[in-house]
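Here is a friendly tour for anyone meeting this protein for the first time. Have a look at the sequence and the model, and then read on.

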Amino acid sequence: MYKKFNNLTQIEGGASRKKIYRQNNKGTSFIILDFVANKEEFNNHLKIYDILKNVDISIPKIYEISFEDKIIVTEDFGNERFDKIINKYDIKNLLEIAVESLIIINNSTVNKISSNNLSIYNYKIFYNELTEFIEFFFPYKNIDKSLIAEFFEIWEEHFNNLNFIFDTIVHKDFEFTNLMYLSEKKNHLKCGIIDFQSAFIGFKGWDLFSLLENPRIYFSRENNEKFIKDYYLRTNSKIEFDLFRRQYYFLNTSRHTRLLGRWVKFSKIDKNNTYLKYINTTIKRLKQSLNDLEIKELNYIYEKILS
């Protein structure tokens, strides 16, 4: 079917190397995902689709797959991306339907996913993510390199002390740019979830902080603690709430740290300074997360880094 399509319209694909196109064919719109530049993402997308397709959430249906060309033809969820409609709809409602979808995913897939199918988060990955901050943000802001050793020592010590259990499917980029509003559907099914090819097995609350602590758009955190507690209570976590909350803010802090390096990295690779506009919002989110985390050693080192 996709080989018959002509005059494709390319759509912004974000950081992924896949190319995305839209095509109208006899009045029906399709999305074409071209993974030729990354076969691993192609395979991972299909793995995650097989896991999620029977879960009571909204993901685009797959109509056609070309294993030879690494092409997937899917349902088109339209243009109402969450980040583009936050002034059109109630932000709390958008968050509620997204969180509800996360709870359903968690409860529907827990203990049903083979660890052989997806990569499992670990300290090595965590360390490599923080390295992006050192490699790109440090020179961008001319930060003293003598702080690097202490920076990693503090992170490693507290990572080990928190005794993480990585047992949950994680979208990884569950934020407004990957969520579509489907007005014709009901309740949480109004939240359409796309771009899940980078999913892995990790911390139960990862997608929750990706959503609530958005690094690109600043909106009020007024209801965040309620969302965190509700999510915890409804997903049968194996740990006490205080530890879950600490792990949530710990990994959220590290994620925002990594993103500061990533915005600079992307601006250099793509020669596009628009990524740099996210730095101030990310720093604001990062400082709030550090405050909620209450690890004095991390607060101390970040005071020196971000001063």
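## The second largest cavity

In this predicted model, the second largest cavity has a volume of about 100 Å³. Which residues line the second largest cavity? They are Asn163, Phe164, Ile165, Asp167, Phe203, Lys204, Ser237, Lys238, Ile239, Phe244 and Gln247. Sorted by character, this lining has five nonpolar, three polar and three charged residues.

## Lys204, a charged residue in the lining

Let us stay with one of those lining residues, Lys204. You will find Lys204 in the loop between strand S9 (200–202) and helix H6 (206–212). Is Lys204 buried or exposed? Lys204 counts as buried because its relative accessible area is 9%, and the cut-off for buried is under 20%.

Who are its neighbours? Setting aside residues up to four places away in sequence, Lys204 touches Asn106, Thr168, Tyr231, Thr235, Ser237 and Phe244. Two of these partners, Ser237 and Phe244, also appear in the lining of the second largest cavity. With Asn106 there is also a polar contact: the two side chains are joined at 3.3 Å. For a sense of scale, try finding Lys141 as well: Lys204 and Lys141 lie 63 residues apart in sequence, and their C-alpha atoms are 33 Å apart in space.

## Gly205, in the same loop

Gly205 also sits in the loop between S9 and H6. Gly205 is buried because its relative accessible area is 0%, where under 20% is the limit. Not counting residues up to four places away in sequence, Gly205 touches Tyr231, Phe244 and Tyr248. Tyr231 and Phe244 are therefore contacts of both Lys204 and Gly205.

How far apart are Gly205 and His171 in sequence and in space? They are separated by 34 residues along the chain and by 11 Å from C-alpha to C-alpha.

## The largest cavity

How many cavities of 30 Å³ or more are there? The count comes to two, and the largest has a volume of about 140 Å³. Its lining is made up of 16 residues, of which Leu102, Ile105, Ile169, His171 and Asp207 are the closest to the centre.

Several elements contribute to this lining: helix H1 (39–52), helix H3 (91–109) and strand S6 (168–170) each supply at least two residues. By character, the lining of the largest cavity divides into 11 nonpolar, three polar and two charged residues.

## Residues in helices H3 and H1

Two of the helices just mentioned hold residues worth finding in the model. Ser101 is in helix H3, and Ser101 is buried because its relative accessible area is 0%. Beyond its neighbours within four places in sequence, Ser101 is in contact with Ile57, His188, Cys191 and Ile193.

Asn43 belongs to helix H1. Its relative accessibility is 39%, so Asn43 counts as partly exposed; that class lies between the 20% limit for buried and the 50% limit for exposed. Asn43 and Leu298 are 255 residues apart in sequence, with 38 Å between their C-alpha atoms.

## The nonpolar cores

Leu298 brings us to the largest nonpolar core, which has 93 residues. Which members touch the most other members? They are Phe82, Phe151, Phe250, Leu251 and Leu298. Helix H8 (residues 241–269) gives the most to this core, with 11 residues.

Leu298 touches Ile154, Trp155, Phe250, Leu290 and Leu293, leaving out residues up to four places away in sequence. There is also a second, separate core of five residues, and its members include Tyr21, Ile32, Ile71 and Val73.

## Two asparagines with positive phi

Finally, a look at the backbone. Most residues other than glycine have a negative phi. Asn142, however, has a positive phi, near 55°. Asn142 is in the loop between helix H4 (123–141) and helix H5 (148–161), and its relative accessibility of 70% is why it counts as exposed.

Asn187 also has a positive phi without being a glycine, at about 50°. The place to look for Asn187 is the loop between strand S7 (179–181) and strand S8 (191–193). Is Asn187 buried or exposed? Asn187 is exposed because its relative accessible area is 60%, and exposed means over 50%.

Key
Residues numbered from 1 in each chain as written. Predicted model: local features only at pLDDT ≥ 70, side-chain atom pairs only at ≥ 80, totals over all residues. Heavy atoms only, no water. Core = buried A, V, L, I, M, F, W, Y, C linked by side-chain atoms within 4.5 Å. Buried < 20%, exposed > 50% of the residue type's maximum accessible area, 1.4 Å probe, protein only. Helix = DSSP H or I, 4+ residues; strand = E, 2+ residues; numbered from the N terminus. Contact = heavy atoms within 4.5 Å. 1 Å grid on protein atoms, 1.4 Å probe; cavity = no way out; pocket = protein on both sides within 12 Å on 5 of 7 lines; lining within 4 Å. Points joined across faces, edges and corners; volume = space filled by probe spheres on them. Nonpolar A, V, L, I, M, F, W, Y, C, P; charged D, E, K, R; others polar. Polar contact = N/O pair within 3.5 Å; in protein donor to acceptor, adjacent residues only side chain to side chain.
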